[in-house]
Each structure stands twice: as structure tokens, then as C-alpha cells.
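Reader: I would like to go through this structure with you and ask about the labels you use. Could you show it to me before we begin?

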Amino acid sequence: MTYRLQTGMRGAWGKPYGTVARVDIGQIILSIRCKDSNAAVVQEALRRARYKFPGRQKIIISRKWGFTNVNREDYLKLKEDKRVLQDGAYVQYIRPRGKLETNLRNQLRA
């Protein structure tokens, strides 16, 4: 989207002069996934980046595993029981129904 940004007298009469983003209150601006050992460095980087955005921003540390819907404790237990399969940034659940051959192959991959 192009909006009319103030640039002084340059480009007068409200000509589009750049691009901006409309951000709603409570909308996620940035989401980062990192190892637990790097969490302090990432939090400090986000704290510094916060000053580059207008308004107030909160840094929230999720209780979920990566970008999935699974809690950290639950993910470790599901992984140990071979009931979940890593699928890029997400996970696939291995359900106890369907074809036996497919389920056994998925459990071997888990």
C-alpha cells in the first residue's frame, strides 16, 4: 500500500512517496524461532529493534514448540513416544488409525 508520507516540501500536494504497513493493535509484527541457548541474544536483539518501531511493543516468549500448537513439555513427551513427526517448521501427529503400514513407517521416521 502506498500512503502519503510527510517529506516536507518535497513532493508537495500529498503525492505517494513511500510504502508503509498498517498494523493493528495486538498484531504480531515479528516472530523468531531459535535454540534455547540463543534465547538471551535474540531477546536483546528484539529489545533493541523495538526502538525502531513507533508505539509500544511487547516481547513475548511462547510456551509452544517452535511455530507449532504443541506445548514444549508435551512435544518432548510426544517425540519420546514417537507420536509426532517433525515437518519443517510444523509437526505431523501419528494417529493410531489408518493403514498399519503407513503408521509403522511414520513411527520409524519419528
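**Labels and the values behind them**

Author: Gladly! This is a predicted model. A good place to start is Lys 82, which sits in the loop between helix 2 and strand 3 (84-87). Its phi is near 55°, a positive value in a residue other than glycine.

Reader: Why is Lys 82 called partly exposed?

Author: The label covers relative accessible areas between the 20% and 50% cut-offs. Lys 82 has 37%, so partly exposed is the right term.

Reader: What makes the pair of Trp 65 and Tyr 75 stacked?

Author: Two values decide that. Ring centres must lie within 6.5 Å to pair, and planes under 30 degrees apart count as stacked. Here the centres are 4.2 Å apart and the planes are at 15°, so the pair is stacked. The count by this rule is 1 aromatic pair.

Reader: Which parts of the chain does the pair link?

Author: Distant ones: Trp 65 belongs to the loop between helix 1 (39-49) and helix 2 (72-80), while Tyr 75 is in helix 2, 10 residues apart.

Reader: How do you know that Tyr 75 is buried?

Author: Buried means under 20%. Tyr 75 has a relative accessible area of 4%, so the word applies. Trp 65 has 29%, so that residue is partly exposed.

Reader: How much space lies in the largest pocket?

Author: About 1,400 Å³. Of its 38 lining residues, the closest to the centre are Leu 30, Ser 31, Lys 58, Ile 59 and Ile 60. Helix 1 gives the largest share of the lining, 5 residues. By class, the lining has 19 nonpolar, 10 polar and 9 charged residues.

Notes
Residues are numbered from 1 along each chain as its sequence is written. This is a predicted model: local features need pLDDT of at least 70, side-chain atom pairs count only at pLDDT 80 or more; totals for chains, interfaces and linings use all residues. Side-chain values use heavy atoms; hydrogens and water are left out. Rings of Phe, Tyr and Trp (its six-membered ring) pair if their centres lie within 6.5 Å; planes under 30 degrees apart count as stacked, over 60 as edge-to-face and the rest as tilted. Helices (H or I, at least four residues) and strands (E, at least two) are DSSP runs, numbered from the N terminus. Buried means under 20% relative accessible area, exposed over 50%, partly exposed in between (1.4 Å probe, protein chains only). On a 1 Å grid over the protein atoms alone, a cavity is a set of points where a 1.4 Å probe fits but cannot get out, and a pocket is an open set with protein on both sides within 12 Å along at least five of seven lines; lining residues have an atom within 4 Å of a point. Grid points are joined across faces, edges and corners, and a volume is the space filled by probe spheres set on the points. Ala, Val, Leu, Ile, Met, Phe, Trp, Tyr, Cys and Pro count as nonpolar, Asp, Glu, Lys and Arg as charged, and the others, Gly among them, as polar.
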